[in-house]
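User: Can you take me through the salt bridges in this one, and then a serine I have been looking at?

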Amino acid sequence: MIERTLWHPVALAHAVGAQPVAAVLLGEELVLWRDGEGAAHAWADQCPHRGARFSLGRVTGGQLECPYHGWRFQAGGQCTHIPAVPGFTPGARHCARAFDTREAHGMLWVRLAAPEGPPQPIHDLPAFAAEAEPRLRKTTSGPYLVQASAPRIIENFLDMAHFGYVHEGWLGSRERPEIPPYEVTPTPHGVKATGCRAWQPRSSIHAESGAQVEYTYEVTAPYAAVLTKQPEPGSTAIDGLWESIAMFVCPVTEETSVAWTRMAMNDFDSPDARLIAFQDTIFGQDQPILESQRPKRLPLAPDAEAHSAADRLSAAYRRYLKQSGIGFGVIA
């Protein structure tokens with residue numbers, strides 16, 4: 001399936017340190033670890049000897065050691081040492097199953113298979129342009145374990161019409177719930193919405209009064225999206241610099257996900273804990289709604305659910321998923 005050829009976030013990069021970490025991606029159990037050079041690796045969490053979980057083992061001498069019989073494996077997956085028969089040279093059968101791994105945007109990314117033909121835009125690592133802006137401060141909230149499909153979470157992130165009800169007093173007001181018309185256009189990597197406006201009583205942790213806030217939303221991969229906030233006059237620490245928040249979702253199973261928000265902010269005064277607490281509050285308001293939705297997988301048929309003009313971006317996202325051949329976490 002195409003989802004196996006895409007890059008997916010599986011952990012915060014700094015969460016994978018001296019000892020192995022377990023993760024699950026598309027139903028595949030993984031072990032994440034770092035070798036002696038600090039390079040990150042993602043393997044199937046199963047020793048080729050007797051199937052024990054590598055994630056219960058340890059890293060020693062820059063190699064991953066199985067907890068069952070102490071077999072050691074170097075970067076790339078080749079077994080280098082079998083303690084019970086120290087004179088034996090392990091062969092090709094004595095290899096761990098390794099997957100492509102990259103680090104970007106403060107995350108560890110994994111793909112389970114390479115594209116069979118020429119790579120398409122959908123195979124690119126999801127972009128987050130603000131990551132390269134040195135004047136913006138970066139921090140990440142999460143992980144959030146959610147009993148909902150990855151597309152449901154992304155669609156919620158793209159939706160402004162729920163602000164006044166799910167985030168009342170924070171991102172919206174039920175007295176001013178209107179979402180004016182906005183523009184949606186396809187991009188090589190997804191879809192983009194511009195001119196997205198909503199009344200927000202508290203659009204950030206520093207806001208002291210309400211304002212009409214304008215956002216740009218962009219879907220950068222099937223399970224990734226970015227919102228960029230247009231600065232309010234006199235409200236930014238760096239004039240004209242747009243803050244951005246990315247939503248990165250790992251599809252654990254078709255109906256279970258792990259999500260993170262990557263923030264690129266011009267706030268250099270608040271401690272990380274305060275910025276993260278704000279996002280924790282917002283996501284904590286979304287989570288029970290997400291977990292209540294039925295069906296849990298996102299329906300792509302145009303007539304499967306009712307729609308309104310405020311759902312223009314949602315409808316475009318669903319068309320993009322269908323055109324991309326996404327089947328994991330959706331109902332065609």
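Analyst: The salt bridges come before the serine in what follows. This is a predicted model, so local features need pLDDT of at least 70 and side-chain atom pairs count only at pLDDT 80 or more, while totals for chains, interfaces and linings use all residues. Residues are numbered from 1 along each chain as its sequence is written, and side-chain values use heavy atoms, with hydrogens and water left out.

User: How many salt bridges does a search of the whole structure find?

Analyst: The search finds 17, a salt bridge being a side-chain nitrogen of Lys or Arg within 4 Å of a carboxyl oxygen of Asp or Glu.

User: Which residue does R53 pair with?

Analyst: R53 pairs with E29, and the closest N and O atoms are 3.0 Å apart. R53 sits in the loop between β4 (40-44) and β5 (58-60) and E29 in strand β3 (residues 28-34), so the bridge ties together parts 24 residues apart in sequence. Helices (H or I, at least four residues) and strands (E, at least two) are DSSP runs, numbered from the N terminus.

User: Are those two buried or exposed?

Analyst: R53 is partly exposed at 38% relative accessibility, and E29 is partly exposed with a relative accessible area of 38%. Buried means under 20% relative accessible area, exposed over 50%, and partly exposed in between (1.4 Å probe, protein chains only).

User: What about R58 and E65?

Analyst: Their side chains form a salt bridge at 3.0 Å, N to O. R58 is partly exposed at 43% relative accessible area, whereas E65 is buried at 14%.

User: And where are R297 and E254 in the chain?

Analyst: R297 is in the loop between α3 (272-292) and β18 (298-299), and E254 is in the loop between β16 (243-253) and β17 (256-265), so the pair links distant parts of the chain, 43 residues apart. The closest N and O atoms of this salt bridge are 3.9 Å apart. R297 is partly exposed at 27%, as is E254 at 29%.

User: Which residues are linked in a network?

Analyst: R152, E155, E305 and R318 are linked by salt bridges.

User: Now the serine, S324. Where is it?

Analyst: S324 lies in helix α4 (residues 312-324) and is buried, with a relative accessible area of 19%.

User: What does the side chain of S324 reach?

Analyst: It reaches the backbone oxygen of Y320 at 2.8 Å.

User: What else is S324 in contact with, leaving aside neighbours within four places in sequence?

Analyst: S324 is in contact (heavy atoms within 4.5 Å) with I2 and I122.

Conventions:
A polar contact is a pair of N or O atoms within 3.5 Å; within protein, one must be able to donate a hydrogen and the other to accept it, and residues adjacent in sequence count only if both atoms are side-chain atoms.
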